[in-house]
Every structure is written in structure tokens, then in C-alpha cells.
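Student: I have a new model open and would like to work through it with you. Could we take it question by question?

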Amino acid sequence: MASGLSDDQIARKLGVHRRTVQRAVAKLMERLNATSRFEAGLKLARVMGADGDLVGLAPSHTVPSPRPARPVPPRVS
């Protein structure tokens, strides 16, 4: 979004439906207190580092690590 991509382009890039992107953008705009998509993109660009990682946000706003696909069986000695 900070790069100026459309919802359709974001959806294709992430492999999700366009409506999923629209919902996420709406939630993001609410969290950023942005009145337009453009304003939200500007605010996002300000908090993103050069490598695309969010910077300067509290730990509660970090993305959790993905879970393994299946549980790892315990080691037998």
C-alpha cells in the first residue's frame, strides 16, 4: 500500500482475495486514524524502514512468527 499498489495488485502479490485486502486496508486506516487511503499510505511509508520492516512501533504491533505446519514429535533417547 505504501508503494502505491491497488487492492487488486496487493491481492495478487499476497495470493489473497481482493476483499481481504479491502478489509485489511479499512482496519489499517482506522488504526492509523487516516481519512483517506493516500493519507494511510503516507503514514505507513513514514513508519517503514528501508527494508520494509516496521520501525518504532510497540512490540504489541509486531507480526507473530508463523506456526510450524505440524507439531514436532518429542525426541526419544
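Student: Leaving aside its neighbours within four places in sequence, which residues is M1 in contact with?

Tutor: Happy to start there, and keep in mind that this is a predicted model. M1 sits in the segment before α1. Setting aside neighbours within four places in sequence, its contacts are I10, V25, L28, R37, A40, G41 and L44.

Student: How far apart in space are M1 and F38, C-alpha to C-alpha?

Tutor: In sequence, M1 and F38 are 37 residues apart. M1 itself belongs to the segment before α1. From C-alpha to C-alpha, the distance between M1 and F38 in space is 8.9 Å.

Student: What pattern does the protein chain follow, read along the sequence?

Tutor: Begin with the inventory: the protein chain has three helices and zero strands. Read along the sequence, the pattern is therefore written with helices alone. That gives α-α-α.

Student: Which helix gives the most to the largest nonpolar core?

Tutor: That core has nine residues: M1, I10, A11, V21, V25, M29, A34, A40 and L44. At least two of them come from each of α1 (7–14), α2 (18–32) and α3 (37–47). The helix that gives the most, with three residues, is α2.

Student: What share of the residues of the protein chain count as buried?

Tutor: A residue counts as buried when its relative accessible area is under 20%. The protein chain has 77 residues, and the share of them that count as buried is 14%.

Student: Is D7 buried or exposed?

Tutor: D7 has its place in helix α1. Outside the four nearest places in sequence, D7 is in contact with R18, V21, Q22, V25 and R37. Its relative accessibility is 16%, and the cut-off is under 20%, so D7 counts as buried.

Student: How are α1 and α2 oriented to each other?

Tutor: The two helices pack at an angle of about 110 degrees, with their axes 8 Å apart. Angles from 65 to 115 degrees fall in one class, so α1 and α2 are roughly perpendicular to each other.

Student: How many residues of the contact of α1 with α2 are charged?

Tutor: α1 passes α2 in a right-handed crossing. The contact is made by D7, D8, I10 and A11 of α1 together with R18, V21, Q22 and V25 of α2. These divide into four nonpolar and one polar, and the number that are charged is three.

Student: And what is the orientation of α2 to α3?

Tutor: Here the packing angle is about 70 degrees, and the axes lie 10 Å apart. That value is within the range of 65 to 115 degrees, so α2 is placed relative to α3 as roughly perpendicular.

Student: How many residues of the contact of α2 with α3 are nonpolar?

Tutor: α2 passes α3 in a left-handed crossing. On the α2 side the contact is made by V25, L28, M29 and L32, and on the α3 side by R37, A40, K43 and L44. No polar residues and two charged ones are counted there, and the nonpolar ones number six.

Student: Leaving aside its neighbours within four places in sequence, which residues is M29 in contact with?

Tutor: M29 is one of the nine residues of the largest nonpolar core, and M29 also takes part in the contact of α2 with α3. Beyond neighbours within four places in sequence, M29 is in contact with A34, T35, S36, R37 and A40.

Student: What value is phi of N33 near?

Tutor: N33 lies in the loop between α2 and α3, and with a relative accessible area of 62%, N33 is exposed. Most residues other than glycine have a negative phi. N33 is a residue other than glycine with a positive value, near 55 degrees.

Student: Is S36 buried, exposed or partly exposed?

Tutor: Like to place it before you classify it? S36 is found in the loop between α2 and α3. S36 and A26 are ten residues apart in sequence and 9.6 Å apart in space, C-alpha to C-alpha. With a relative accessible area of 29%, S36 is partly exposed.

Terms used: Residues numbered from 1 in each chain as written. Predicted model: local features only at pLDDT ≥ 70, side-chain atom pairs only at ≥ 80, totals over all residues. Heavy atoms only, no water. Core = buried A, V, L, I, M, F, W, Y, C linked by side-chain atoms within 4.5 Å. Buried < 20%, exposed > 50% of the residue type's maximum accessible area, 1.4 Å probe, protein only. Helix = DSSP H or I, 4+ residues; strand = E, 2+ residues; numbered from the N terminus. Contact = heavy atoms within 4.5 Å. Axes fitted to C-alpha atoms, helices over the stretch in contact; angles between N-to-C directions. Parallel < 35°, antiparallel > 145°, perpendicular 65-115°, else oblique. Left-handed = near helix turned anticlockwise from the far one by under 90°. Nonpolar A, V, L, I, M, F, W, Y, C, P; charged D, E, K, R; others polar.
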